[in-house]
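Please open the model in your viewer, with a selection tool at hand and a way to colour residues by confidence. The stops below go from single residues to helix pairs, and then to the chain as a whole.

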Amino acid sequence: MHTATGSHLVLSRPPICKSGNGEWKIPKYRNDDSIHSLGCLRNCHFIRMLYSSPITPSGGPEKKGRSSYRAVVHASSLKEDIYGVDELEAGCRNPELSGNYRPVTKLKPNPTVLEAQARICTGPTQTRPLNEQQAFKVLDTILQSARGELRNEEAVSAAQLGAFFAGMTIRANAFPVATQWSEGETRAMNAYWPLFIQTLPHDVLFLADPEGSIMGGASPVGPRFVGSEPIEMRLVGALREVLAGGHLGYEEVTGILKDVLPVYRHDGRPNTVSESLLAAFLIGQRMNGETDRELRAYCLAFDDELGPTPVADVRSLTHYGEPYDGNTRFFRSTLFVAAVRASYGEACLLHGVEWMPPKGGITEEQMLKFMGACTTLTTAAAVKLLEDDEVGFAYISQREARPSLYSLIGIREHIKKRPPIATTEKIQRYVKATGREAIMAGFYHEGYEDPLLMLMRRRGVDSGLVVKGEEGSVSLTTKARSINASKGPPVNHCAGFRTLPSMEHDTTQTDGVFRETFRIEVNAADYGFQPTETPRTDRSPKILSWDYLLFEVKMVQLMIA
């Protein structure tokens, strides 16, 4: 059964069972009165604060009285020294307009070149070559900027130059014929190259033709370029491999990241490495398709940046890894689900940022900030909240926990496409636990399901779960599957592992640890929930169905508990 007893949600059936045909399935629960008896959820003050518009429970009128659930962010019970919560300020920014959170001090990238980057700075099969008109327009924009004819946000930044020419070079050297240079791109580059030799800085010329083989040896700069300082020299050496379509080892990537980050020093001065080279490195590794070793380097490189990872004395801890750039179309329920799970004893830790490109969507930090919650917690403060029986929930900003990685936000906006860190930042373990640990992460693009699970295993947690949610979030949906489903696994596809105390059937062994693995497509109707449309952030009224929330809470608990 699925019942409420006091402040705990009790699941009395095994989370995953084996059917007669050998497939792993989640047991079915009816959407009956036992679910709607969770009246305590309808009084959860945390959810009231999160959702500024009315919430309509699907299970009947709201019940009055004190909630039996531990209030996660109840304004009357918060510890002022930790949260710093107060009444919402009249001028508080609304996360419905997530663009409000973009740092106003940073110059925006040139839109003409950025549009071109979106087409060509991607994978071997996704790249869309420019036609002749587009190519001439982009290269002319770059030339005007190099001559100083474009100012402020019209200028093409060093990061844009690095990403654009790295993309062009990798396509020429390593991509299949269909996504190599088009005839129009070739004619445009031949026309502008003599002018670029006279105007572009040497680091950009190196990226455009590192071995002097692409443009017919017209410039000796590329083959001779070594960089200006030891750190830059190491980066240039690695870039020669990346620009040829090659890969690097774990130690090499880790060393480079620690060399070049943070982008800005503590005194505010920029690092010694040029942004064009750094941008080329980040986008180049993504275009080549990162290996497991490269992804591990991005994931683990800065684990010790602020010292040893603190440990929370809790029975269980779930880390939620949502895409840091937020959602722009569909409601993301992670904050709600984590709050409810924390209220019945499953400690939950969220992490992210306030605003992140390329999507620049609504994030958990924006919602928390809109409520007046503190979003500057240190990892030590987060431990106190997780251990508090009246809370069991915390949010850590990348800004506080990994300042070196956070310093890349400006460059990430200017390279347009997601770099490797966009994958690995979801698999962070800012706090460890004495009890069981689980990591959840969302994905959307085909090919990242297994790498994410690999990183979770490397983190040493007991359970891992990846979800293909809408917009790549971990949020499951109750809506029926669309006939126009996206390529690859359908939305609500889940895969994961759970550590077992001893070897059982259908297990895999890694490093002496036995794990039960599973893959499943979750259909809400199979568990007694009627199909409903996912709430939208861009146009629909902000009304949250309780079935939608309870479905997610239940499914998460079943798959990782």
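Select Ala-312 first and display its surroundings: leaving aside residues up to four places away in sequence, Ala-312 touches Val-383, Leu-386 and Glu-387, together with Val-431, Lys-432, Ala-433 and Thr-434. Ala-312 belongs to strand 5, which covers residues 311–312, and with a relative accessible area of 0% Ala-312 is buried. If you add Leu-385 to the selection, the C-alpha to C-alpha distance from Ala-312 is 9.2 Å, although 73 residues separate the two in sequence. Please keep in mind throughout that this is a predicted model.

Move next to Arg-402, in the loop that joins helix 17 (398–401) to helix 18 (403–406). Is Arg-402 buried or exposed? Its relative accessibility is 6%, and because buried means under 20%, Arg-402 counts as buried. Around Arg-402, show Phe-302, Asp-303, Glu-305, Gln-428 and Tyr-430, which are the residues Arg-402 touches once those up to four places away in sequence are not counted.

The third residue to pick is Pro-129, in the loop between helix 4 (111–120) and helix 5. Pro-129 has 24% relative accessibility and therefore counts as partly exposed. Beyond four places in sequence, Pro-129 touches Arg-119, Gln-134 and Arg-171, and also Ala-178, Thr-179, Gln-180, Ser-182 and Glu-185. For Ala-178, the C-alpha atom lies 8.6 Å from that of Pro-129, with their positions 49 residues apart in sequence.

From this loop, continue into helix 5 (residues 132–146) and select helix 6 (residues 158–174) with it; their axes come within 12 Å and cross at roughly 140°. The two helices are therefore oblique to each other, and their crossing is left-handed. To see what makes the contact, show the side chains of Val-138, Leu-139 and Ile-142 on helix 5, and of Leu-161, Phe-164 and Phe-165 on helix 6. Sorted by class, this contact has six nonpolar residues, with no polar and no charged ones.

Keep helix 6 on screen, and replace helix 5 by helix 12 (residues 275–288): helix 6 and helix 12 pack at an angle of about 40°, with their axes 7 Å apart. That angle makes helix 6 oblique to helix 12, and the crossing of this pair is right-handed. On helix 6 the contact is made by Ala-158, Ala-159, Gly-162, Ala-163, Ala-166, Gly-167, Ile-170 and Arg-171, and on helix 12 by Glu-275, Ser-276, Ala-279, Ala-280, Ile-283, Gly-284, Met-287 and Asn-288. The residues of this contact divide into nine nonpolar, five polar and two charged.

Finally, show the whole protein chain, whose secondary structure comes to 22 helices and 14 strands. Of its 561 residues, 56% count as buried, and among contacts with a separation of 6 or more, 74% are between residues 24 or more positions apart. Now colour by confidence: the mean pLDDT is 82, and 78% of the residues reach 70 or more. Where should the model be read with reserve? Over residues 1–91 the pLDDT stays under 50, and for this stretch the model has 202 contacts beyond four places in sequence. Residues 503–507 also have pLDDT below 50, and that stretch has 13 contacts in the model beyond near neighbours in sequence.

Methods
Residues are numbered from 1 along each chain as its sequence is written. This is a predicted model: local features need pLDDT of at least 70, side-chain atom pairs count only at pLDDT 80 or more; totals for chains, interfaces and linings use all residues. Side-chain values use heavy atoms; hydrogens and water are left out. pLDDT is the predictor's confidence in each residue, from 0 to 100. Contact means heavy atoms within 4.5 Å. Axes are lines fitted to C-alpha atoms, for helices over the stretch in contact, and angles run from 0 to 180 degrees between N-to-C directions. Helices (H or I, at least four residues) and strands (E, at least two) are DSSP runs, numbered from the N terminus. Angles under 35 degrees count as roughly parallel, over 145 as roughly antiparallel, 65 to 115 as roughly perpendicular and the rest as oblique. A crossing is left-handed if the near helix is turned anticlockwise from the far one by less than a right angle, and right-handed if clockwise. Ala, Val, Leu, Ile, Met, Phe, Trp, Tyr, Cys and Pro count as nonpolar, Asp, Glu, Lys and Arg as charged, and the others, Gly among them, as polar. Buried means under 20% relative accessible area, exposed over 50%, partly exposed in between (1.4 Å probe, protein chains only).
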